[in-house]
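Welcome to this structure; here are a few notes to read with the model open beside you. Please take the points in order, as later ones return to places met earlier.

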Amino acid sequence: VLTNVKADLRDLDCVLSDTHAPTGIAVAKKGRALLIAHGAETPPTIRAFDKTGGRLIGSLPVAATKLAMAPDDLSFWAMPMPLSASGSAEGRDSKIIRYATPTEHSGVGNEDEPHSVASKELAAVTGVPTACAIAVHPQTSELYVSDRKSQTFLVFPASGGDFTTGRPWGA
């Protein structure tokens with residue numbers, strides 16, 4: 001439960017405009033991070049908040065539509081914004097990237113303004129341009145990717161991979 005939230009409510013608002021509505025959300029199970037993606041903003045941003053108090057921890061300059069937190073809360077996966085009306089990332093770099101979760105405020109400037117933090121790429125899944133959803137297994141940290149074109153769920157190790165290394169779920 002969020003208490004004493006100080007976050008800018010525009011980060012949670014789905015009504016203001018299509019360009020400001022959140023495009024993804026992920027919450028740390030034990031850690032303090034609440035991640036909110038605004039992939040349609042200019043520039044696109046993932047903001048990290050302290051989920052217990054609403055304080056802005058940092059932001060990443062990433063255009064994401066779906067987010068999935070790893071079970072250790074130290075990293076998360078981000079799926080790119082769709083380019084096509086079908087909701088897939090067809091026709092663009094469709095890398096699904098695992099980033100380090102921001103853990104503390106940069107300490108620079110006004111507490112109410114987003115602070116850019118290093119967006120270190122820890123792993124990536126490539127070659128799934130029609131990915132439409134992602135989730136992380138709570139024990140194994142494997143990434144599950146729903147692929148619209150093949151109508152399957154593909155499972156990737158936490159270290160990432162490409163379409164040829166993803167195994168169909170249930171296989």
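1. A good place to begin is one pair of residues: Ile25 has Ile36, in strand 2, as its bridge partner. As you look, please keep in mind that this is a predicted model. Strand 1 and strand 2 run antiparallel and are joined by 4 bridges. Together they form a hairpin, with 5 residues between the two strands. Strand 1 covers residues 24-27 and has two faces: Gly24 and Ala26 make up the covered one, while Ile25 and Val27 make up the uncovered one.

2. Stepping back, the protein contains 13 strands and 0 helices. Its pattern along the sequence is therefore β-β-β-β-β-β-β-β-β-β-β-β-β, with strands taken as DSSP runs of at least two residues. There are 171 residues, of which 43% count as buried. Among contacts with a separation of 6 or more, 44% are between residues 24 or more positions apart. The protein exposes about 9000 Å², and carbon and sulfur atoms supply 56% of that area.

3. A second hairpin deserves a look. Strand 3 and strand 4 form it with 5 residues between them, and Gly54 in the turn has a positive phi of about 85 degrees. The pairing of strand 3 with strand 4 is antiparallel and extends over 4 bridges. One of the facing pairs is Ile46 with Leu60 in strand 4. How covered is strand 4? It is mostly covered, with 5 of its 5 residues buried.

4. Next, the interior. The largest nonpolar core has 18 residues, and those touching the most other members are Leu35, Ile46, Ala64, Leu67, Met69, Phe76 and Ala78. Which strands each supply at least two residues of this core? They are strand 2 (33-38), strand 3 (45-50), strand 4 (56-60), strand 5 (64-69), strand 6 (75-80) and strand 7 (96-100). There is also a second, separate core of 14 residues, which includes Ala68, Val128, Leu143 and Val145. As background, nonpolar side chains in soluble globular proteins tend to be buried together.

5. Now for a sheet to trace by eye. 5 strands make an open sheet with mixed pairing, in the order 5-6-7-8-12. Strand 5 and strand 12 (160-162) are the edge strands, each pairing on one side only. On average, neighbouring strands here are turned by 25 degrees against each other, with direction ignored. Strand 8 (residues 121-126) runs parallel to strand 12, and 3 bridges join them. To find this pairing, look for Ala124, which stands opposite Gly160 in strand 12.

6. The aromatic rings are worth a visit too: the count comes to 2 aromatic pairs. Phe76 and Tyr99 have ring centres 5.8 Å apart and planes at 35 degrees, so this pair is tilted. Because Phe76 lies in strand 6 and Tyr99 in strand 7, the pair ties together parts that are 23 residues apart in sequence. Both Phe76 and Tyr99 are buried.

7. The other pair is Phe153 with Trp169, in an edge-to-face arrangement: 5.9 Å centre to centre and 80 degrees between the planes. This pair links distant parts of the chain, 16 residues apart, with Phe153 in strand 11 (residues 152-156) and Trp169 in the segment after strand 13 (167-168). Are these two residues buried or exposed? Phe153 has a relative accessible area of 42%, so it is partly exposed. Trp169 counts as exposed because its relative accessibility is 57%, and the cut-off is over 50%.

8. Finally, two loop residues to check in the backbone. Asp73 has a phi near 65 degrees, a positive value in a residue other than glycine. Asp73 sits in the loop between strand 5 and strand 6. With a relative accessible area of 10%, Asp73 is under the 20% cut-off and so is buried. Ser141 also has a positive phi, near 65 degrees, and is a residue other than glycine. Ser141 belongs to the loop between strand 9 (131-136) and strand 10 (143-147). The relative accessible area of Ser141 is 22%, so Ser141 is partly exposed.

How values were computed:
Residues are numbered from 1 along each chain as its sequence is written. This is a predicted model: local features need pLDDT of at least 70, side-chain atom pairs count only at pLDDT 80 or more; totals for chains, interfaces and linings use all residues. Side-chain values use heavy atoms; hydrogens and water are left out. A nonpolar core is a set of buried Ala, Val, Leu, Ile, Met, Phe, Trp, Tyr and Cys residues joined through side-chain atoms within 4.5 Å. Buried means under 20% relative accessible area, exposed over 50%, partly exposed in between (1.4 Å probe, protein chains only). Contact means heavy atoms within 4.5 Å. Accessible areas come from the Shrake-Rupley method with a 1.4 Å probe; for residues, only the protein chains shown count as cover. Two strands pair if DSSP finds at least two bridges between them. Axes are lines fitted to C-alpha atoms, for helices over the stretch in contact, and angles run from 0 to 180 degrees between N-to-C directions. Rings of Phe, Tyr and Trp (its six-membered ring) pair if their centres lie within 6.5 Å; planes under 30 degrees apart count as stacked, over 60 as edge-to-face and the rest as tilted.
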